[in-house]
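Hi,

Here is the structure I promised to pass on. Have a look at it first, and then read my notes below.

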Amino acid sequence: MQDNEPLMRALAKLIGMNDPDKIVFVGEALVGNEAVDQLTKFNKALREFTHTHRPRHIDGMILTKFDTIDDKVGAALSMTYITGQPILFVGTGQTYTDLKTMRVSNIVNSLLRN
């Protein structure tokens, strides 16, 4: 829905009105570079449509379905590079206990294996 401007405007307005401490982007790791596009457009919409004293952007990310990705793991690195923000957690299942902190060494090993 990152291309739906009215929806992005409404989301930015909601963030502007509530002024949350943190903004966390949640995306699926399975979509690969599409997640980079989603994140880029989401961040752009926040900057452009949040009419507050300070522009907002995401403060971190959660990537779901991280246990099922293979060569698409590089998109996770691109997401952190583009935003300069960390991946806070990765989802490896369907319950709260399946949210794991991201281990960079696992990502590097996965990239080197492929």
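**Helix 2 against helix 3**

Let's start with one pair of helices. The axes of helix 2 (residues 33-49) and helix 3 (residues 74-83) come within 8 Å and cross at roughly 20 degrees. Please keep in mind that this is a predicted model.

An angle under 35 degrees counts as roughly parallel, so helix 2 and helix 3 are roughly parallel to each other. Their crossing is right-handed.

Which residues do the meeting? On the helix 2 side they are Asn33, Ala35, Val36, Leu39, Thr40 and Asn43, and from helix 3 come Ala75, Ser78, Met79, Ile82 and Thr83. Sorted by type, the residues of this contact give six nonpolar and five polar, with no charged ones.

**The rest of the chain**

Stepping back, the chain holds four helices and four strands. Read from the N terminus, the order of elements is α-β-α-β-α-β-β-α.

How much of the chain is buried? Of its 114 residues, 35% count as buried. As for the outside, the chain exposes about 7,300 Å², and carbon and sulfur atoms supply 55% of that area.

One last thing, on contacts along the sequence: take those between residues at least 6 apart, and 70% of them join residues at least 24 apart.

If you open the model, the helix 2 and helix 3 contact is a handy place to begin, with Leu39 and Met79 among the residues there.

Cheers

Note on methods:
Residues are numbered from 1 along each chain as its sequence is written. This is a predicted model: local features need pLDDT of at least 70, side-chain atom pairs count only at pLDDT 80 or more; totals for chains, interfaces and linings use all residues. Side-chain values use heavy atoms; hydrogens and water are left out. Axes are lines fitted to C-alpha atoms, for helices over the stretch in contact, and angles run from 0 to 180 degrees between N-to-C directions. Helices (H or I, at least four residues) and strands (E, at least two) are DSSP runs, numbered from the N terminus. Angles under 35 degrees count as roughly parallel, over 145 as roughly antiparallel, 65 to 115 as roughly perpendicular and the rest as oblique. A crossing is left-handed if the near helix is turned anticlockwise from the far one by less than a right angle, and right-handed if clockwise. Contact means heavy atoms within 4.5 Å. Ala, Val, Leu, Ile, Met, Phe, Trp, Tyr, Cys and Pro count as nonpolar, Asp, Glu, Lys and Arg as charged, and the others, Gly among them, as polar. Buried means under 20% relative accessible area, exposed over 50%, partly exposed in between (1.4 Å probe, protein chains only). Accessible areas come from the Shrake-Rupley method with a 1.4 Å probe; for residues, only the protein chains shown count as cover.
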